Structures are given as C-alpha cells and as structure tokens.
Amino acid sequence: MIEDNNGQPQGQALDADIVCTGFGPAVAGFLWTLTQGLQQPEMAGVESKAVPGLPPQIVCYERADDISFGVSGVVTRARAIRASIPDLDPSAIPLAAKVRDEKLIYLLDPLGATRRPAWMRLADQLCRALSGVLGVEHEGLALPWAPEFLHKRDGFIFSLGQFNQWAGQQVMMTGLAQIWPATPVAGPLIEGEEVRGVRLAADGSEVRAALTVVGDGPVGAVGRQLDEHFGMPAGRRRDEWAVGMKMVIDLPEDSALEEGTVWHTIGFPEPEIFGFLYVHPGRVASAGIFVPSWMDSPVRTSYRYLQHFVQHPYLWRNLRGGRLRSWGAKSLLESGRRGEPYLAGDGYARIGECSGSTNVLTGSGVDEAWLTGAQLGEAVLELLRSGKPFTRENLEAGYVARRRASWLERESQVAERARNGFQWGLLPGFVGMALAGLTGGRLALPRRGEDRKPKKLADYYAGRLSRSQIERARQQAEAEARPLHDILMDLCGWPAVEYDGQLLVSHQDALLMGGKVQAPGEFPDHVVFRNPELCLRCEAHLCVEICSGEAIRVSAENPSGVPAFDREKCVHCGACLWNCPVSNIEFCAAPGGLHSAEN
Amino acid sequence: MPYQIIVCGGLAPDPLQTLEPVFDPAKPSLKNELMLPAVFDPWAAHALYEAGHLAKQHPGTVVRVVSLAPKAKLQQVMMTVAQKMPFELVALDGPGGGFTDAAAVSAALAEAISAMADLDRSRLLLFGGWESATRGAGVVMQRVAERLGITEQFLAVDELSVDADGSLVIKERIEGGRHQISRCAAPPAMLAWATGNLPEPPNHPQTGMANMRVIMPALQKAKPVALEPAIEYLRTALPAAVRQTRVVKDVPAADIAREIAEWIRQ
C-alpha cells in the first residue's frame, strides 16, 4: 500500500453507493428522505452494491469545516420541509421562530448620497410631504400592501447554519449516512458520458459511487465542471447573481423588535439593493442586503453598503447599541429556472440552488432546495427497492418527473421571466416583477438582447465625479492598497462609518468577530488569477471591490497591478468568480472560511 | 511492543466562538450551548495525535478514544476527528462542557474503560489532556488513573519515547519553564498531555471512512450516562478580555509594531 507523508494510506479508491457533494438544504432534504425511507420495512432487503452485506453506503462531503457553517438569511414558508417533517417543532432548532409580522418597507434616502432615479427622488419627496398621511416614520414607509407572492406569513425564520446542523444531526443519528465536513470535492469523475463519483481535493483520492448527488451550491466545483462538460440545455444561462451579506445582531435592551418580525426593504442603500431584517428568539436579529449582478456599479461593494443599511434610521432606532454576533456572505444564483442545467444524467442528479431551484420572484430558495432533495430521495428509494440502475432515463422518470409535476415547477415557470425588467432598469424591473407575479407568469417584460453590465467608472459617476477626481481616487487606492469603492463613496457624499466596536466594526473585525474566518494550512490558494496579463488590463478590478472578505487586494507590495489573494480572509462566497468580467478567476474547492454557526 | 492506548477526551466549543455563561446555581451552562459548533477538546487532541504517532511506531498498537459528550454533538465532531488517524471509539452519551463535576466524569470514564473486555493492563497507556479547554480542572486524568489502579502518572507531558528495553522516557513540564525527564519501566501508565510536539494531522478522507465502520456502531450503542450534580456554583464568569482598538491612518508599520511591543511590555 502506498502511504503519504503522514503514513496514511493513499491512492486507494473508495467505494460507496451514493456520494453527495455539499451539505446544504437540498442535500439535507435528500438525506432526510432517503434515511427515513431506508428504515421502512419494505426497504429491509436493500443492501449495498459497493460493500455487499451492508446497508447502502451513503456519504456526503461538505467543504466547510462544520455542517453548521452555512450562510443564509432564511425566512421560508417551509412547505416542503414541513411535508417531510410534519411534526417540525421550531423550538427544537436554535434561532428558529414562526413568522408573526411581515412588512415590505420603502426606505427613503436620508443621506442624499444614493444614485436614485428621478422617479424615486420624486417618491421620496412625496413621502416626506405627506408623511403624516402616509405614515412615514424614521425615513421609512411600511407599504400598506405587498403582493401575495412575496409573503411568507405562514412560515419560519431560520438560521440556516442551525437548521443544517439540526438536520444533519438527525440524519447521522440514523446511522445510515455519513456527512463529512472539511472535505472539499475537487470535481466529478466523468467517464465517457457517465459520472462515476467524485475526486476529493485533499489527496486526490477517488470516491466511486453508482449515484453522485450534486448539491454544492451556485459556485460549487462539481456543478461547474458538469456544466463545462455537458453544457447547458438550449436557452438556459447562468447570468444573474447576487451577493447576500448579513449580520446577526444581539439587539439592545430597548429594541422594540419582536420575535417573528420580518421586514423586506427596498430603496436603500442603493435603489438596486434589497434588504431584510428578521427577528429570531432571544433578542437576536438578522439584517442583510443583496447586491445584484445587474447593478451597473463598477465598484460594487457589499460590506460598506451593509453598514449604511443597518444605520438607516428605520432600522437604526432598533439596532443602535446592538452587538455583532455573527457575519457572513454568499453568492446567490438568481437565474432561477433560466439557469437550470441538465437535472439528471447517467450516474448523477442535481438538486438545490445549483439546479436552478431558487424562485427569483418570491425570493425563496431554501424550501425549494429541500424539495428537490426530497424528490430525488423518493426517486432513489424507488430505484433501490426495484434494483434499477441510476441511469439518466430512470432518474428522469423518478426525479425529474416528480419535480416537473410539483409546485416548484409551476412557481418556477411563473418566476422565470419575472426579473427580465431589471436588465432594462430599476422601474422596468419592478414593473416586470409585478406583471409576472400578478398574472401568474402570463405577462412579463422581454429580456434585453444584451445583459446589463458594470459601466466604465467615468460613465457610472458622470455628473457626480469628474474624470480627474476618479483618477486621483484610483491613484490613492493603489498607493494605500485600499478598495476604490471606499474613496469614491466618500467623494459622493456617503458619510464615514463611525465604528462603535460593537456593531459597526471594520471589515477585518467583522471577519474575526463575526465570521471567525479560518483557513487550514495544508491546502493551496483556492482563488487563482489565470492570466495576469488580463488583470493588468482590467480597469476596475471588480474582484477587489466585491470581495466579501477583503481577501483580494491590489497590494502595495505588488505594483504590477495583479491582485493578490489572501486565503486567510476568504469566506468562499465565490463573488469574485462571477464578477470577473473576463472569467479570469479559477475558484477551486477548499476547506476553511466562516466558522460561525449562526448565519 | 504493541500497546493498548486509551485516549480520554471530550468536546469543547470551537475556540473562535463567543461564550457567555448563563448562571443557574443548579445547572450553569453557556448561552446557546446547543448551537455552538464543537471541536474535540484541544488538549485531548494533542494526546490523540501523540497516540497515533506512537501506534505507527509500534505495529499492532490499538488506539481507543473514550468520550463523554452529548451523542449528537459527538457524532458531528467525530466526522472531523476520524479523518486524522485510525482509532476506535467508546462513546458515552451524557453532558459535556465545563460545568460537569470532574469526579463524576472520571468515574464514568473509568467505569467504561474497566468494562472493556480485552483490556490488557500490561500494555495499557492511558492518555488524555492535562486539562480541558472547557474549564481546566486538571484532575480528571489522575482520578481516572487512580480508579483504574494505575500508579505511574505523568502530568503536562510534552514528549514520550520508548527505549530499546521497552521503558518509557517521558518529558513533563515543571515549574520555571523547565522539563523533567522520567523513565517508566513499563505500562500501565497514565500520561496527561500538554501540547506535545506534533502538528494537527491533515484530514484524510480514506482514514475517516475506515474509522467510521467501527465508530458508527459505537455511537449507535453509546451508553447513556447521567452525572449526579455534586457541585454548587456560586458564580460563573468569563476571564476578562481586554480589547483595545485604535484606528490609525498614515502610520508606518514599524511605528505600529513598536507601539504594540511597548503595550505588551507594559
């Protein structure tokens, strides 16, 4: 036997029956359904083909260092989760609460610094002029009506980390599945047109399995390599994204926010950036924003905008004096059904966000992801019981057919064209959403021929900053090795963030105090700039601006202009991957990242 | 000579988490203890890595981990620890953390070890952490050893080697930043480890899979253990942590380093 430097066996292929990549809500739903089903009497005779004589060998590999280190601000109707777990008791899951009060809030611009279109500035003026009549308070207007498709009023507020941890523990306690944290998967094993398992990043060892369940999220290595190999179905594209960034906050004693409160916000810190605030049990709240790919800023940032968001008077009256418990960020694939890949093939099936299950109209993804996993779980139980192989035909008949016949498909179709309008502009975006949502998807705005892209710096700031101001700002950013957005936002009138050391802290302190970010030593850099020449020609270095952990910087010690990557700060959100305008970033699977279990 | 190495180790909150004690005289706890991510107690982990190192040098050596912790959490943590090196698990399903009584914990551990059918005291090395990251009572290993009748006990161990005649050469930390080197003729012996000299082994998925074939059944049949409350807590508090942050601009790194050094000197 070959051994590595630590005397561990190396080079052997592992054999399993089912291997899953990534442990999020989709794979949780899959493993929950599968392990519950395997305990039923009719499954008693089913045994492993990989290790005859034993029950089916089911393994799941999760990149993060613990199954609780996921990130998501979750308010969900939990229809699928409750169907799988009829006696779901939120009190058994830390930070879970029932939704009690849900509002859609229009946030006015209290600073005069946002890039509001004329119609939104007019709306602000009207709100202020009629504040008494409309009930505007603290620069915010709780809209008297919100479309039905946005409501989650019968649902739950979760911490995804805690929900994952709870579900993972329940699955593992059955003894029928193993969930391995800190075990990134480098990619799929593809032989011909069949997926035969995965290759682990740690030592390159192969895990061979009759079925590979791909649920590694929007930027997962396995899903992306499958897309590269098999291509996308005709008409499908993955071109709409967002960075979701959130804080989990210990509320101050005098906060009036009650458990179960849910606010969805629009209008601030920029018109394109939507926000949320949910209140968990125990005087804890989650507040966060989504920075979309269709925002045309060439210096888009999440952290600074998040700090201004929580300081908006409508929120700040309840958050001032609070303390940062946790912080995190992730990429969201917002193409929805338009970004749906091949859902099944010989030896593999795709579930969850990487399968295009997120509903971009209702802003809901966790429950949909769970449902896809549960549907695949039911299909796999049938195939195991009947002894049929995991071929494309069998998986399509069992899994894809279930998915197509479910509410997920119906609602995905309604949502499919709902966001087309945002490619034209903000107002068309809202109109398009309303059209699609209120007509059940029958009416929607057409998609533009070319997607909205970040503008050139001079074009984006035209009328606000001169070319010479922008150039000086760029020189200052390079000299001080700072992201450009900070300097430009200062110049545009955004006030400096006064750190209080509790809730308003530097980005680096957020990594330490909130995200508790770590990187194990034995892995190489997982973000690689493929062709430095392309970086040298890049005007805005959007990877630097959007980086959720300030892990990518144009270093003062590296005057070549090629960004430097610091893996100790990376939260593995993957925003650099889809923000690079020339696809010059290699984003590999690696462990580490966030060590907070509360996101 | 192949050894039987038994490593006692519990769980501790992930060291990066913010801990807040919740005071209750009968049952103090940590705020949101259930939701804190856990790790294998770092002191016991050092002992485990040393056990694995010794086992590689002495073929036939068996390493067993005896762990008292809430079963679900233990299972979760084992998915990481099991990737480090080969071992077997004896799981005790009971309370963990820093508010348990050291005497009761040691009694439960000793009972579980005594119950091992193939226990060979002539080859037995009892390993554990010198103290624990949860509280650091620093007495559990001695108490376990006393209950097992092991009189050769070594505390704050940093190094173990085996001489040609089979005697154990043990380096212990003593006061004044010095080491004391002892020679123990033969097992049984108890070694409560300080940090040792070994780095944390990288995760090895194949080892983990192999380990799980024995760890999963062990977890399934984990014996429930109820620890009788024997301590009355008068107060609980975290050690005071001083955090002084100052935002500076246009200050050279050398000046910042000088200021930090001066601050440490003070």
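Trainee: What is the separation between the C-alpha centres of domain 2 of chain A and domain 3 of chain A?

Mentor: Those centres lie 24 Å apart. In the contact itself, domain 2 of chain A takes part with 42 residues and domain 3 of chain A with 41 residues, contact meaning heavy atoms within 4.5 Å.

Trainee: Before we go on, what are we looking at, and what are the ground rules?

Mentor: It's a predicted model: local features need pLDDT of at least 70, side-chain atom pairs count only at pLDDT 80 or more, and totals for chains, interfaces and linings use all residues. Residues are numbered from 1 along each chain as its sequence is written, chains are lettered from A and ligands numbered from 1 in the order in which they are written, and side-chain values use heavy atoms, with hydrogens and water left out.

Trainee: And where do the bounds of the domains in chain A fall?

Mentor: They come from an automatic or database domain assignment. Domain 1 is 14-84 + 159-236 + 339-414, domain 2 is 97-156 + 239-336, and domain 3 is 457-587.

Trainee: How much area is buried between domain 2 of chain A and domain 3 of chain A?

Mentor: About 3,400 Å², with carbon and sulfur atoms giving 65% of that. Buried area is the accessible area (1.4 Å probe) that two parts lose on being put together, summed over both. On the domain 2 side, A:Val299, A:Arg304 and A:Trp327 lose the most area to domain 3 of chain A, together 21% of what that side buries.

Trainee: Why does A:Phe309 count as buried?

Mentor: Buried means under 20% relative accessible area, exposed is over 50%, and partly exposed is in between (1.4 Å probe, protein chains only). A:Phe309 comes out at 0%, so buried is the right word. This residue is in helix H7 (residues 303-310) of chain A; a helix here is a DSSP run of H or I with at least four residues, a strand is a run of E with at least two, and both are numbered from the N terminus. Leaving out residues up to four places away in sequence, A:Phe309 touches, among others, A:Leu107, A:Phe268, A:Pro269 and A:Ile289.

Trainee: What makes the peptide bond from A:Phe268 to A:Pro269 stand out?

Mentor: That bond is cis, with omega near 15°. A:Pro269 is in the loop between strand S13 (261-266) and strand S14 (274-280) of chain A. Chain B has a cis peptide bond too: B:Pro187 is joined to B:Pro188 with omega of about 5°.

Trainee: A:Glu139 and A:Glu550: which class of accessibility does each get, and why?

Mentor: A:Glu139 has 22%, which lies between the 20% and 50% limits, so partly exposed fits. A:Glu550 has 16%, which is under 20%, so that one is buried. Phi is positive in each, near 60° for A:Glu139 and near 50° for A:Glu550.

Trainee: Why is helix H6 of chain A called mostly covered?

Mentor: Seven of its ten residues are buried, including A:Val222, A:Leu226 and A:Phe230. Just after the helix comes A:Gly231, with a positive phi near 75°.

Trainee: How many cavities does a search of the whole structure find?

Mentor: Seven of 30 Å³ or more. A cavity is a set of points on a 1 Å grid over the protein atoms alone where a 1.4 Å probe fits but cannot get out, and lining residues have an atom within 4 Å of a point. Points are joined across faces, edges and corners, and the volume is the space filled by probe spheres set on them.

Trainee: What are the volumes of the largest and second largest cavities?

Mentor: The largest has about 460 Å³. Of its 30 lining residues, B:Gly10, B:Val105, B:Ser132, B:Thr134 and B:Val140 are closest to its centre. The second largest has about 140 Å³. Of the 13 residues lining it, those closest to its centre are A:Arg323, A:Arg325, A:Glu598, B:Thr18 and B:Glu20.

Trainee: What makes up each lining by class?

Mentor: Ala, Val, Leu, Ile, Met, Phe, Trp, Tyr, Cys and Pro count as nonpolar, Asp, Glu, Lys and Arg as charged, and the others, Gly among them, as polar. On that basis the largest cavity has 14 nonpolar, 13 polar and three charged lining residues. The second largest has three nonpolar, three polar and seven charged.

Key: 1 Å grid on protein atoms, 1.4 Å probe; cavity = no way out; pocket = protein on both sides within 12 Å on 5 of 7 lines; lining within 4 Å.
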